[in-house]
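Hi,

Here is the structure for you to look over. My notes on the sheet and the helices follow it.

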Amino acid sequence: MSLLYIIYPFTRIACISCPTLYLKLKELRPPTCDLVLLEYDKRFECHDFVFYDYNKPLQLPDNLLGKSCDLVIIDPPFLSEECLTKASITAKHLTKDKIILCTGAVMKDLAQHLLDVIPTSFVPEHTNNLANQFCCFINYKSDHLQ
């Protein structure tokens, strides 16, 4: 599956706590697609970077007004109820309606409750070979993520 097929119809995408994905999207995005990276780690600071602390889920700059993104992609930094809940607040504030969530399978019930997402067959991989089983969830119908 090509990432380009997933992002092609969107004109503004927010990546919350997923800097590696952001860098790949930046390479692949069509010229009509605007990206923003919300991230705590300032090593990823760039033109599209917004400092983001999930403990302050609505502390965002004015240019990220509510419902300003066609798609929000979230990879919460911790497998905890608190982290997913707060990152979900940010995602729901930013998105017009479409969310992709990559997180541990153990978070499935909470993710479904908070974001009305369903699991897909796509399995995210981490370069560090993390011990937890990860899943990709979406809250919309997609021909490319099922």
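Strand 1 and strand 4 are parallel partners, joined over four bridges. In that pairing, A14 sits opposite V72 of strand 4. Bear in mind throughout that this is a predicted model.

Strand 4 has a second parallel partner: five bridges join strand 4 to strand 5. Here I74 is the residue to look at, standing opposite L101 in strand 5. How many residues of strand 4 are buried? Six of the six, so strand 4 is largely enclosed by the rest of the structure. The cut-off for buried is under 20% relative accessible area.

Now the whole sheet. It is open, has seven strands and follows the order 3-2-1-4-5-7-6. The pairing is mixed. Which strands form the edges? They are strand 3, residues 49–51, and strand 6, residues 118–119. Each of these pairs on one side only. Strand 3 takes strand 2 (residues 34–39) as a parallel partner, over three bridges. Look for L37 there, opposite F49 of strand 3.

Next, the helices on the sheet. Helix 2, residues 19–28, lies across three strands: strand 1 (12–16), strand 2 and strand 4 (69–74). Its direction is at about 165° to strand 2. With a cut-off of over 145 degrees for roughly antiparallel, helix 2 and strand 2 therefore run roughly antiparallel.

Helix 4, residues 108–115, also packs on the sheet. Helix 4 touches strand 4, strand 5 (95–104), strand 6 and strand 7 (134–138). Against strand 5, the direction of helix 4 makes an angle of about 170°. Strand 4 is thus touched by helix 4, and helix 2 lies across strand 4 as well.

Last, the helix pair. Helix 3 (residues 81–94) packs with helix 4 at an angle of about 30°, and their axes are 10 Å apart. Angles under 35 degrees count as roughly parallel, so helix 3 and helix 4 fall in that class. The crossing of helix 3 past helix 4 is right-handed.

Which residues meet in this contact? Helix 3 brings E81, L84, T85, S88 and K92. Helix 4 brings L110, A111, L114 and L115. By type, the contact holds five nonpolar, two polar and two charged residues.

If you open one view first, I suggest strand 4 with its partners, strand 1 and strand 5. Then turn to helix 3 and helix 4, which pack together at about 30°.

Best wishes

Notes. Residues are numbered from 1 along each chain as its sequence is written. This is a predicted model: local features need pLDDT of at least 70, side-chain atom pairs count only at pLDDT 80 or more; totals for chains, interfaces and linings use all residues. Side-chain values use heavy atoms; hydrogens and water are left out. Two strands pair if DSSP finds at least two bridges between them. Helices (H or I, at least four residues) and strands (E, at least two) are DSSP runs, numbered from the N terminus. Contact means heavy atoms within 4.5 Å. Axes are lines fitted to C-alpha atoms, for helices over the stretch in contact, and angles run from 0 to 180 degrees between N-to-C directions. Angles under 35 degrees count as roughly parallel, over 145 as roughly antiparallel, 65 to 115 as roughly perpendicular and the rest as oblique. A crossing is left-handed if the near helix is turned anticlockwise from the far one by less than a right angle, and right-handed if clockwise. Ala, Val, Leu, Ile, Met, Phe, Trp, Tyr, Cys and Pro count as nonpolar, Asp, Glu, Lys and Arg as charged, and the others, Gly among them, as polar. Buried means under 20% relative accessible area, exposed over 50%, partly exposed in between (1.4 Å probe, protein chains only).
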